[in-house]
Amino acid sequence: MTPAFFTLRLFAETLAIFASVEAAIMLILPVIAPGVDGAAEALLDAVLLAFAAGPLVLWRMNAVLKRARLERTRGHGDADIPPASSMRLTVAASLSVLVVGLGCSLVEAWRSHD
């Protein structure tokens with residue numbers, strides 16, 4: 001498999017993780033914190049999302065990188081990929097998750113403030 005496929009698959013898996021964890025949090029938030037609304041609810045939602053989805057995303061990133069390394073050592077895929085490409089993939093994926101998560105949290109906090 002090509003590095004582009006690994007990146008696309010990691011993005012799709014990360015998106016699925018965040019969507020499913022956010023849906024679960026939205027279902028249990030009224031149960032674990034009744035009466036909390038507005039900015040406090042948005043902050044609690046963001047913190048729970050980070051603590052619940054963070055380890056899952058890290059687990060998937062490590063699995064994808066491990067598989068990419070195995071493909072490279074077996075001679076499958078692109079053999080001319082430098083080892084630094086996996087580091088760039090990790091940094092790019094981490095930054096994209098951070099930016100998307102912060103953006104969603106800020107939008108929700110702003111919406112709940114209004």
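These legends walk through a set of close-up views of one predicted model.

Since the model is predicted, local features need pLDDT of at least 70 and side-chain atom pairs count only at pLDDT 80 or more, while totals for chains, interfaces and linings use all residues. Residues are numbered from 1 along each chain as its sequence is written, and side-chain values use heavy atoms, with hydrogens and water left out.

**View 1. The whole protein reads α-α-α along its sequence.**
You'll find three helices and zero strands here. Both kinds of element are DSSP runs, numbered from the N terminus: helices are H or I with at least four residues, and strands are E with at least two. Of the protein's 114 residues, 23% count as buried. Buried means under 20% relative accessible area, exposed means over 50%, and partly exposed sits in between, using a 1.4 Å probe and protein chains only. Now for contacts, meaning heavy atoms within 4.5 Å. Among those between residues at least 6 apart in sequence, 74% join residues at least 24 apart.

**View 2. Arg9, Glu13 and Arg60 are joined into one network by salt bridges that share partners.**
A salt bridge is a side-chain nitrogen of Lys or Arg within 4 Å of a carboxyl oxygen of Asp or Glu. Why do such pairs form? Side chains of opposite charge can pair when their charged atoms come close. A search of the whole structure turns up two salt bridges. In one of them, the side chains of Arg9 and Glu13 meet at 2.9 Å, N to O. Both of these residues belong to helix α1 and sit four residues apart, about one turn of the helix. Arg9 is partly exposed, at 29% relative accessible area, whereas Glu13 counts as buried at 18%. Glu13 also forms a salt bridge with Arg60, where the closest N and O atoms are 2.9 Å apart. Arg60 lies in helix α2 (residues 39-74) and Glu13 in helix α1, so this pair ties together parts that are 47 residues apart in sequence. Are Arg60 and Glu13 buried or exposed? Both are buried.

**View 3. Thr14 sits in helix α1, which covers residues 3-32.**
How much of Thr14 is accessible? Its relative accessible area is 11%, so Thr14 is buried. Which residues does Thr14 touch, leaving aside its neighbours within four places in sequence? The answer is Val57 and Val97. You'll meet both of those valines again in the next view, as members of the largest nonpolar core.

**View 4. The largest nonpolar core has eleven residues.**
A nonpolar core is a set of buried Ala, Val, Leu, Ile, Met, Phe, Trp, Tyr and Cys residues joined through side-chain atoms within 4.5 Å. Look for Leu10, Ile17, Val21, Ile25, Leu49, Ala53, Val57, Met61, Val64, Ala93 and Val97. Helices α1, α2 and α3 (84-113) each give two or more residues to this core. The largest share, five residues, comes from α2.

**View 5. The largest pocket has a volume of about 550 Å³.**
Pockets are found on a 1 Å grid over the protein atoms alone: a pocket is an open set of points where a 1.4 Å probe fits, with protein on both sides within 12 Å along at least five of seven lines, and lining residues have an atom within 4 Å of a point. Grid points are joined across faces, edges and corners, and the volume is the space filled by probe spheres set on the points. The lining has 26 residues, and the closest to the pocket's centre are Phe18, Val97, Val100, Gly101 and Cys104. Helix α3 gives the most to this lining, with twelve residues. By class, the lining divides into 18 nonpolar, five polar and three charged residues. Here Ala, Val, Leu, Ile, Met, Phe, Trp, Tyr, Cys and Pro count as nonpolar, Asp, Glu, Lys and Arg as charged, and the others, Gly among them, as polar.

**View 6. The second largest pocket holds about 320 Å³ of space.**
Of its 14 lining residues, the closest to the centre are Phe18, Ala50, Val97, Leu98 and Gly101. Which helix gives the most to this lining? It's α2, with seven residues. The lining has ten nonpolar and four polar residues, but no charged ones.

**View 7. Ser112 is found in helix α3.**
Ser112 is partly exposed, with a relative accessible area of 31%. Not counting residues up to four places away in sequence, Ser112 touches Gly38, Ala39 and Ala42. Ser112 and Asp37 are 75 residues apart in sequence, yet 8.1 Å apart in space, C-alpha to C-alpha.
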